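Hi everyone, thanks for making time for this. I'll put one chain on the screen and walk you through it, so please have a look while I talk.

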Amino acid sequence: MTNVTFHQLVQRGCGIDVHLKVVVATIDGVGIQKETRSFNTFTSCLTERMAVG
């Protein structure tokens with residue numbers, strides 16, 4: 001297997017993985033603590049979690 005390296009262009013980022021019943025988001029980067037959260041895909045669950053946030 002070949003190792004590939006990339007020049008870092010951004011210092012912070014967020015990834016999101018969308019499924020039928022759950023959405024998972026992770027944020028990580030310089031100066032912030034890495035955090036991963038999961039949300040049910042019902043609108044009421046998404047807005048409730050954002051308000052607590």
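Let's begin with Arg-37, which counts as partly exposed at 25% relative accessibility. On that scale buried means under 20% relative accessible area, exposed means over 50%, and partly exposed is in between, with a 1.4 Å probe and protein chains only. Arg-37 forms a salt bridge with Glu-35, and the closest N and O atoms are 2.7 Å apart. Glu-35 is partly exposed too, with a relative accessible area of 36%. A search of the whole structure turns up one salt bridge, the term here being a side-chain nitrogen of Lys or Arg within 4 Å of a carboxyl oxygen of Asp or Glu. In general, side chains of opposite charge can pair when their charged atoms come close.

A word on what you're looking at. This is a predicted model, in which local features need pLDDT of at least 70 and side-chain atom pairs count only at pLDDT 80 or more, while totals for chains, interfaces and linings use all residues. Residues are numbered from 1 along each chain as its sequence is written, and side-chain values use heavy atoms, with hydrogens and water left out.

Now the fold. The chain has one helix and three strands, and from the N terminus the elements run β-β-β-α. These are DSSP runs numbered from the N terminus: helices are H or I with at least four residues, strands E with at least two. The three strands make an open, antiparallel sheet in the order β1-β2-β3. At the edges sit β1 (12-18) and β3 (32-40), each pairing on one side only. Direction ignored, neighbouring strands of this sheet are turned by 10° against each other on average, with axes fitted to C-alpha atoms and angles between N-to-C directions running from 0 to 180 degrees.

How many bridges join β1 to β2? Seven, and the two strands run antiparallel; pairing here requires at least two DSSP bridges between strands. Three residues lie between β1 and β2 in their hairpin, and Gly-13 stands opposite Asp-28 in β2. On the other side, β2 (residues 22-29) pairs with β3 over seven bridges, again in the antiparallel sense. One of the partnerships there is Gly-29 with Ile-32 in β3.

So is β1 buried or in the open? Zero of its seven residues are buried, so β1 lies largely in the open. Take Ile-16, found in β1: at 61% relative accessibility, Ile-16 counts as exposed. Ile-16 still touches Val-23, Val-24 and Ala-25, leaving aside residues up to four places away in sequence; a contact means heavy atoms within 4.5 Å. The C-alpha atoms of Ile-16 and Thr-26, ten residues apart along the chain, are separated by 6.5 Å.

Zooming out, 6% of the 53 residues of the chain count as buried. Among contacts with a separation of 6 or more, 0% come from residues 24 or more positions apart.

Finally, confidence. pLDDT is the predictor's confidence in each residue, from 0 to 100. The chain averages 84, and 87% of its residues reach 70 or more. Among the elements, β1 has the highest mean pLDDT at 93, and helix α1 (residues 43-52) the lowest at 65. Where pLDDT is low, the predicted coordinates should not be read in detail.
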